[in-house]
Amino acid sequence: MYNNFALLYDELMDDVDYKNWHLYIEKTFDKFNKKPKTVLEMACGTGNLSYYLAKRGYDLTCFDISSEMLSIAYNKINSFKNVKLLNQNMIDFNLNKKFDAIISACDSINYIIDKDDLLNVFKNVKDHLNKDGIFIFDINSYYKLKHIIGNNTFVEDRDKIYYIWQNYFNSSNNIVEFYLTFFVANENKNYIRFDEEHFQKAYYIDEIIELLKIASFSEIHCFDAFTFNSLREESERIYFVALD
Ligand SMILES: C[S@@+](CC[C@H](N)C(=O)[O-])C[C@H]1O[C@@H](n2cnc3c(N)ncnc32)[C@H](O)[C@@H]1O
């Protein structure tokens, strides 16, 4: 669960090009001949992608489960009249509105670690899509979680933040446990420590496709992220496009 990490998220994600990320989402709309007016972004986090989508003028609804992440997002997108920001859970959201497109970015779907819950997410998305709507999301691949992130430790020493990210891949359930320890310098140059635990599930592509089919999506496509190429064995981020 994102708590204090929310305050550091944007700084630690400063190498992620959200401007290009939003262009890829729009290219995907074009590829499938969609011209959405209403867009729902699930698990919007601190609103980095939401900001670019808001600028493009969509009637945008964004939600996240973490109020800490949402409060950062609020500062970024509050001034846009075309955006609504909500605190909701992907598993059981009910917005009483349908959308032309529903998206979720940056492996938020891997945070749904129970398969039945993921099916509920997909069914919920289907119920919130207009006829001929499009659902676009990405996941961290099984390969990336097992072989790059899992059972590995990352350390980063930045100007005011020092963090250690220790990961364990549990082969019995394919869940990766992330243990994050942050040391953040305050104005007196004293370091304050806080810890967070996150869990992501490494899904096989076929598992996701099966769940999307059970949720009644009629057409499903997978791409190596930020391209429209087919998947490679070592694809790290996988894009799914599911059509109503
Ligand atoms: C890696 S961050 C990605 C945030 C944002 N999409 C981005 O591109 O920067 C994952 C996000 O998923 C959110 N999240 C995890 N489980 C969720 C759930 N069940 N419902 C809604 N949001 C969830 C977290 O709070 C976090 O903001």
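In the classification used here, Ala, Val, Leu, Ile, Met, Phe, Trp, Tyr, Cys and Pro count as nonpolar, Asp, Glu, Lys and Arg as charged, and the others, Gly among them, as polar. The model is predicted: local features need pLDDT of at least 70, side-chain atom pairs count only at pLDDT 80 or more, and totals for chains, interfaces and linings use all residues. Residues are numbered from 1 along each chain as its sequence is written, and side-chain values use heavy atoms, with hydrogens and water left out.

**Exercise 1. Describe the surroundings of the ligand.**

Step 1. By class, the shell consists of twelve nonpolar, five polar and two charged residues.

Step 2. Among the 19 residues around the ligand, those that come nearest are Tyr18, Ala43, Asp64, Asn89 and Met90; a residue is near a molecule if one of its heavy atoms lies within 4 Å of it.

Step 3. A ligand nitrogen is 2.7 Å from a polar backbone atom of alanine 43. A ligand nitrogen also lies 2.8 Å from a polar side-chain atom of asparagine 89. For tyrosine 9, an N or O atom of the side chain is 2.9 Å from an oxygen of the ligand.

Step 4. The ligand taken alone exposes 590 Å², of which the protein buries 95%. Accessible areas come from the Shrake-Rupley method with a 1.4 Å probe; for residues, only the protein chains shown count as cover.

**Exercise 2. Place asparagine 140 and identify its side-chain partners.**

Step 1. Asparagine 140 belongs to strand 5 (residues 129–140); strands (E, at least two residues) and helices (H or I, at least four) are DSSP runs, numbered from the N terminus.

Step 2. Its relative accessibility is 3%, so asparagine 140 counts as buried (buried means under 20% relative accessible area, exposed over 50%, partly exposed in between).

Step 3. The side chain of asparagine 140 makes a polar contact of 3.0 Å with that of lysine 144, and another of 3.0 Å with that of glutamine 200. A polar contact is a pair of N or O atoms within 3.5 Å; within protein, one must be able to donate a hydrogen and the other to accept it, and residues adjacent in sequence count only if both atoms are side-chain atoms.

**Exercise 3. Examine the positive phi values of aspartate 107 and asparagine 151.**

Step 1. Most residues other than glycine have a negative phi.

Step 2. Aspartate 107 has a positive phi of about 55°. Aspartate 107 sits in the loop between strand 4 (99–104) and helix 5 (115–127), and is buried because its relative accessible area is 9%.

Step 3. Asparagine 151 has a positive phi near 50°. The loop between helix 6 (142–149) and strand 6 (153–157) contains asparagine 151, which counts as exposed at 53% relative accessibility.

Methods:
Buried means under 20% relative accessible area, exposed over 50%, partly exposed in between (1.4 Å probe, protein chains only).
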